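Me: I'd like a close look at one part of this model rather than a tour of everything. Could you pick up the sheet and walk me through how it is put together, then add a bit on the other chain?

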Amino acid sequence: MIVNQTIQIAPVRKSVVVFAAPERAFEVFTARIDSWWPKSHGIGAAPIRESVLEGFVGGRWYTTFEDGTEATVGHVLAWEPGRRLVVTWEINEQWKSDARQQFASEVEVRFSAEADGHTRVELEHRNFERMGAAAGETMRKGVDGGWVGLLQLFANAVK
Amino acid sequence: MTYQKALECLSDPTRRSVFEKLRSGPKSVGVLAKGLPVSRPAVSQHLKALKEAGLVTDRADGTRRIYYIDPHGLGEMRRWLDGFWDEALAAFKDQAELVNQAHRKK
């Protein structure tokens, strides 16, 4: 009777056209991420000093902070220079770095050539429902027995 | 956060049962109350709480109200990121074009 009704949180989709070739746009997005990533949008206690995205599958995307600490933002899942990038977003609902991959959302960025040396950059941030499960885990640790079974139910419902 | 409010709301076992019943599809209060050991007004109260937590929403169907799970119930983080990516991509565009211009001049 109960079918697999899946409940998903809609992905965030963004698109921007830049006046640069796909290869250049990709390079700026990745190797030069520090030159544009907003310094105000860090997850540490101190302001961001530097953002680094390592250019290979498995590479780490991390941020160093003014107070000398650093935090992982995610890891590279797909690395296709000039065409496509997929990274995990390992930041939980508390806005903290969370290494548990099963709860990570992910960000895909596609680069495609447009007329006159322009590139369309399409970004999709998806799988937020996994973060729901992570929030559930956090809550489960913080409260007692009454919660047993609830979080699994919740995780399933938002899957 | 709305997130936590949603989880707290589901800590009540009856409310959880109501929510679970809605997983198989939209239902009226009457249908929901049939399979539960509580009165119709009690089910209405639970639905109200679920609605306030952003987990459930409703629509009119003639004289009845039909309740269903709100797929955006966990969307607060999503909304925040939506604005965040707008800002980040605008900064990226500026930088990419700056770099591009510098290379073209060479």
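Reply: Here is the sheet in chain A, followed by a helix pair in chain B.

Keep in mind as you look that this is a predicted model.

Start with the overall layout. Chain A has an open sheet of seven strands, and going across it you meet them in the order 1-7-6-5-4-3-2, with antiparallel pairing. The edges are strand 1 (12–18) and strand 2 (48–53) of chain A; each has a single partner strand, so one side of each has no neighbour in the sheet. Direction ignored, neighbouring strands here are turned by 20° against each other on average. As general background, strands of a sheet pair through backbone hydrogen bonds, either parallel or antiparallel.

Now zoom in on strand 6 of chain A. On one side, strand 6 (residues 105–114) pairs with strand 5 (residues 84–89) of chain A, antiparallel, over six bridges. If you want a landmark in that pairing, find A:Val87, which sits opposite A:Val107 of strand 6. Strand 6 of chain A also pairs with strand 7 (residues 118–126) of chain A, again in the antiparallel sense, this time over nine bridges. A handy landmark there is A:Ser112, whose bridge partner in strand 7 of chain A is A:Arg120. Strands 6 and 7 of chain A make a hairpin, with three residues between them. In that turn, A:Asp116 has a positive phi of about 55°.

One residue of strand 6 of chain A worth a pause is A:Ala113. Is A:Ala113 buried or exposed? Neither label quite fits: A:Ala113 has 15 C-beta neighbours inside 10 Å, so it counts as partly exposed. Leaving out neighbours within four places in sequence, A:Ala113 touches A:Pro22 and A:Thr119. There is also a long reach in sequence here: A:Ala113 and A:Ala21 are 92 residues apart along the chain, yet their C-alpha atoms are separated by 6.7 Å.

What lies across the sheet? Helix 1 (residues 22–30) of chain A lies across strands 1, 2, 5, 6 and 7 of chain A, and runs at about 150° to strand 6 of chain A.

Over to chain B, which has five helices and three strands. Along the sequence, the pattern of chain B reads α-α-β-α-α-β-β-α. Of the 106 residues in chain B, 25% are buried. Among chain B contacts between residues at least 6 apart in sequence, 51% join residues at least 24 apart.

The helix pair to look at is helix 2 (residues 13–22) and helix 4 (residues 40–52) of chain B, whose axes come within 10 Å and cross at roughly 80°. That makes helix 2 of chain B roughly perpendicular to helix 4 of chain B. From helix 2 of chain B come B:Thr14, B:Arg15, B:Val18 and B:Phe19, and they meet B:Val43, B:His46, B:Leu47, B:Ala49 and B:Leu50 of helix 4 of chain B. Sorted by type, the residues in this contact are six nonpolar, two polar and one charged.

Finally, which residues of helix 2 of chain B are buried? They are B:Arg15, B:Val18, B:Phe19 and B:Leu22. Looking down the axis of helix 2 of chain B, these buried residues fall within an arc of 95°, so they line one face of the helix.

Terms used
Residues are numbered from 1 along each chain as its sequence is written. Chains are lettered from A and ligands numbered from 1 in the order in which they are written. This is a predicted model: local features need pLDDT of at least 70, side-chain atom pairs count only at pLDDT 80 or more; totals for chains, interfaces and linings use all residues. Axes are lines fitted to C-alpha atoms, for helices over the stretch in contact, and angles run from 0 to 180 degrees between N-to-C directions. Helices (H or I, at least four residues) and strands (E, at least two) are DSSP runs, numbered from the N terminus. Angles under 35 degrees count as roughly parallel, over 145 as roughly antiparallel, 65 to 115 as roughly perpendicular and the rest as oblique. Two residues are in contact if their C-beta atoms, placed from the backbone, lie within 7 Å. Ala, Val, Leu, Ile, Met, Phe, Trp, Tyr, Cys and Pro count as nonpolar, Asp, Glu, Lys and Arg as charged, and the others, Gly among them, as polar. A residue is buried if 20 or more other C-beta atoms lie within 10 Å of its own, exposed if 12 or fewer, and partly exposed in between; C-beta atoms are placed from the backbone. The arc is that of the directions from the helix axis to the C-beta atoms. Two strands pair if DSSP finds at least two bridges between them.
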